[in-house]
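Student: I have a new structure to read. Can we go through the terms step by step?
Tutor: Gladly. Here it is.

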Amino acid sequence: MVVGPPGAGKTTVGEALAAALGVGFRDTDADVVAAVGKSVAEIFTEDGEEAFRAAEEDAVARALAEHDGVLSLGGGAVLSARTRERLSGHTVVFLNVGLAEGVRRTGLSTARPLLAGVNPRAKFKELLDARLPLYREVATVEVDTDHSSAEDVVARLTAELAKA
């Protein structure tokens, strides 16, 4: 499982890690979009965050039951106590990204509804502050991605996972 804030590289690193390990890759945000039939931004706008979080919790539960490769969870998936419980006993990689780098990478994208608004940088900081303890609670491995390419992160992760 791969967790982390927006811009940490969950999809990019997750896909590369899956390729390096010779396993499949799955992204729960993509699962939510497929199940609901709307983009993440549309779900937030039309149905609200609560509806998205419920669909996300279901998608994570389903993916954990069905998928045995690398699974990338949405940045806010760890907000669910049920999801955090379900992650227990799994290898969970926390891709950490700092405020400045996370804001640079996300480009304050409109595809990221929680970062939209008057002060996206402040919102990103708020997300980091609220979620950092939760990422660390579920993580078995933590990697800082600020000044690293996806390849470097994958190399560190495969070395770290080989020790486990």
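Tutor: Start with a definition: a residue is buried when its relative accessible area is under 20%. By that rule, buried residues make up 45% of the 164 residues in the chain. Keep in mind that this is a predicted model.

Student: What does the secondary structure of the chain come to?
Tutor: Eight helices and five strands. From the N terminus on, the order is β-α-β-α-α-α-β-α-β-α-α-β-α.

Student: What makes α3 oblique to α4?
Tutor: Take helix α3, residues 40–47, and helix α4, residues 49–66. Their axes cross at roughly 130° and come within 7 Å. Angles of 65 to 115 degrees count as roughly perpendicular, those over 145 as roughly antiparallel. The crossing fits neither class, so α3 is oblique to α4.

Student: Which residues meet there?
Tutor: From α3, V40, I43, F44 and D47. From α4, E49, A51, F52 and R53. The residues of this contact divide into five nonpolar, no polar and three charged.

Student: How do you know that the buried residues of α3 line one face of the helix?
Tutor: First, name them: V40, I43 and F44 are buried in α3. Seen down the axis of α3, the buried residues fall within an arc of 95°, so they line one face. A general rule helps: an α-helix has 3.6 residues a turn, so residues three or four places apart point the same way.

Student: What is on the other side of α3, and is it buried or exposed?
Tutor: T45 and E46 are there, and they are exposed. Exposed means over 50% relative accessible area.

Student: What covers the buried residues of α3?
Tutor: The cover includes α2, residues 28–36, and α4.

Student: What follows α3?
Tutor: G48 does, with a positive phi near 95°.

Student: How many aromatic pairs does the structure hold?
Tutor: Two.

Student: Why is the pair of F44 and F52 called tilted?
Tutor: Ring centres must lie within 6.5 Å to pair. Those of F44 and F52 are 5.0 Å apart, so they qualify. Planes under 30 degrees apart count as stacked and over 60 as edge-to-face. Here the planes stand at 35°, so the pair is tilted. Both F44 and F52 are buried.

Student: What makes the pair of F94 and Y135 stacked?
Tutor: The angle between the planes is 20°. The limit for stacked is under 30 degrees, and 20° meets it. The centres are 5.0 Å apart. This pair links distant parts of the chain, with F94 in strand β4 (residues 93–96) and Y135 in helix α7 (residues 120–138). The two residues are 41 residues apart.

Student: Why does F94 count as buried?
Tutor: Its relative accessibility is 0%, so F94 is under the 20% limit. Y135, at 1%, is buried too.

Student: Where is S72 found, and is it buried or exposed?
Tutor: S72 is in strand β3, residues 70–72. Its relative accessible area is 1%, so S72 is buried.

Student: Which residues is S72 in contact with, leaving aside neighbours within four places in sequence?
Tutor: V2, K10, T11, F25, R26, D27 and T28. Look at D27: S72 and D27 are 45 residues apart in sequence, yet 4.7 Å apart in space, C-alpha to C-alpha.

Student: What share of the chain's contacts with a separation of 6 or more comes from residues 24 or more positions apart?
Tutor: They account for 72%.

Key: Residues are numbered from 1 along each chain as its sequence is written. This is a predicted model: local features need pLDDT of at least 70, side-chain atom pairs count only at pLDDT 80 or more; totals for chains, interfaces and linings use all residues. Side-chain values use heavy atoms; hydrogens and water are left out. Axes are lines fitted to C-alpha atoms, for helices over the stretch in contact, and angles run from 0 to 180 degrees between N-to-C directions. Helices (H or I, at least four residues) and strands (E, at least two) are DSSP runs, numbered from the N terminus. Angles under 35 degrees count as roughly parallel, over 145 as roughly antiparallel, 65 to 115 as roughly perpendicular and the rest as oblique. Contact means heavy atoms within 4.5 Å. Ala, Val, Leu, Ile, Met, Phe, Trp, Tyr, Cys and Pro count as nonpolar, Asp, Glu, Lys and Arg as charged, and the others, Gly among them, as polar. Rings of Phe, Tyr and Trp (its six-membered ring) pair if their centres lie within 6.5 Å; planes under 30 degrees apart count as stacked, over 60 as edge-to-face and the rest as tilted. Buried means under 20% relative accessible area, exposed over 50%, partly exposed in between (1.4 Å probe, protein chains only). The arc is that of the directions from the helix axis to the C-beta atoms.
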